[in-house]
Amino acid sequence: MLRRAEPDGYEEFVASRYREIVRFGALLTGDGRLGEDLAQEGLIAAYRSWRRLAVPEGRPEAYVRQVMVRTAMRARRRRWRGEVPTEELPEGSRGDFAEQSDLSVQVLTGLRRLPADQRVVLVLRFWSDASEAEVAQTLGVAVGTVKSRTSRALAALRASGLFAESAKGTP
């Protein structure tokens, strides 16, 4: 079977932006492996629409991120979360002190504990630097919903002690 050639520019786009797209996915899901899966979903969608995205006014990365956000929000609606009951509990991981004290690990842990809708809002607002109106438009919700989700998420992170620990390290 003959394989079609890659669309012009797609391979370069993926090579140049893959790490950032995967990082965005990891923040959206709270898990590096799930973030990579999410990135793959977005890149597959971009591949299918590449003719439309490869034009000068096309914005392939924005398209990929939009697909990723929608996929992440859809995933939270599913009932099954990947938990498999077992007779014996697995051994808890014992990371070294440096790993436990690393701020990025703490932030990812805090994000992982949030519900998907709150996590997505925080990532879009503070990592992607989107305005409340842009986040509302991206998610298809009211600006007030973005504000309340942001407020609840930040309150949950404060309650977890994440901000208190990071504030101790600053002069």
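This text walks through salt bridges, a helix pair and two loop residues in a predicted model.

Start with the charged side chains. The structure holds 4 salt bridges. One of them joins arginine 17 and glutamate 61, with N and O 2.6 Å apart. This pair bridges distant parts of the chain. Arginine 17 sits in helix H1, which covers residues 10-29. Glutamate 61 belongs to helix H4, residues 60-77. The two residues are 44 apart along the chain.

How exposed is each partner? Arginine 17 has a relative accessibility of 26%, so it counts as partly exposed. Glutamate 61 has a relative accessible area of 17% and is buried. The cut-off for buried is under 20%, which is why glutamate 61 falls on one side of it and arginine 17 does not.

Glutamate 61 has another partner. Arginine 65 forms a salt bridge with glutamate 61, and their closest N and O atoms lie 3.0 Å apart. Here the link stays inside helix H4. The two residues are 4 apart in that helix, so about one helical turn separates them. Arginine 65 is buried too, at 18% relative accessibility. Step back, and a wider pattern appears. Arg17, Glu20, Glu61 and Arg65 are linked in a network of salt bridges.

Now move further along the chain. Aspartate 117 and arginine 149 meet through their side chains in a salt bridge, at 3.6 Å from N to O. This pair also links distant parts of the chain. Aspartate 117 is in helix H7, and arginine 149 is in helix H9, residues 143-159. They stand 32 residues apart. Are these partners buried or exposed? Aspartate 117 counts as buried, at 15% relative accessibility. Arginine 149 counts as buried as well, at 14%.

Helix H7 leads to the next topic. Two packed helices are described by the angle between their axes and the distance between the axes. Helix H7 spans residues 116-127, and helix H8 spans residues 132-139. Their axes come within 9 Å and cross at roughly 135°. That angle makes H7 oblique to H8. Angles over 145 degrees would count as roughly antiparallel, so this crossing is not in that class. The crossing of H7 past H8 is right-handed.

Which residues make the contact between H7 and H8? From H7 come Val120, Val121, Leu124 and Arg125. From H8 come Glu132, Val135, Thr138 and Leu139. By class, this contact has 5 nonpolar, 1 polar and 2 charged residues.

Between these two helices runs a loop, and aspartate 129 lies in it. Its backbone stands out. Most residues other than glycine have a negative phi. Aspartate 129 has a positive phi, near 60°, and is not a glycine. Aspartate 129 is exposed, with a relative accessibility of 64%.

One more loop closes the tour. Alanine 54 lies in the loop between helix H3, residues 50-53, and H4. At 44% relative accessibility, alanine 54 counts as partly exposed. Where does proline 7 lie relative to alanine 54? The two are 47 residues apart in sequence, and their C-alpha atoms are 8.9 Å apart in space.

Key. Residues are numbered from 1 along each chain as its sequence is written. This is a predicted model: local features need pLDDT of at least 70, side-chain atom pairs count only at pLDDT 80 or more; totals for chains, interfaces and linings use all residues. Side-chain values use heavy atoms; hydrogens and water are left out. Axes are lines fitted to C-alpha atoms, for helices over the stretch in contact, and angles run from 0 to 180 degrees between N-to-C directions. Angles under 35 degrees count as roughly parallel, over 145 as roughly antiparallel, 65 to 115 as roughly perpendicular and the rest as oblique. A crossing is left-handed if the near helix is turned anticlockwise from the far one by less than a right angle, and right-handed if clockwise. Contact means heavy atoms within 4.5 Å. Ala, Val, Leu, Ile, Met, Phe, Trp, Tyr, Cys and Pro count as nonpolar, Asp, Glu, Lys and Arg as charged, and the others, Gly among them, as polar. Buried means under 20% relative accessible area, exposed over 50%, partly exposed in between (1.4 Å probe, protein chains only).
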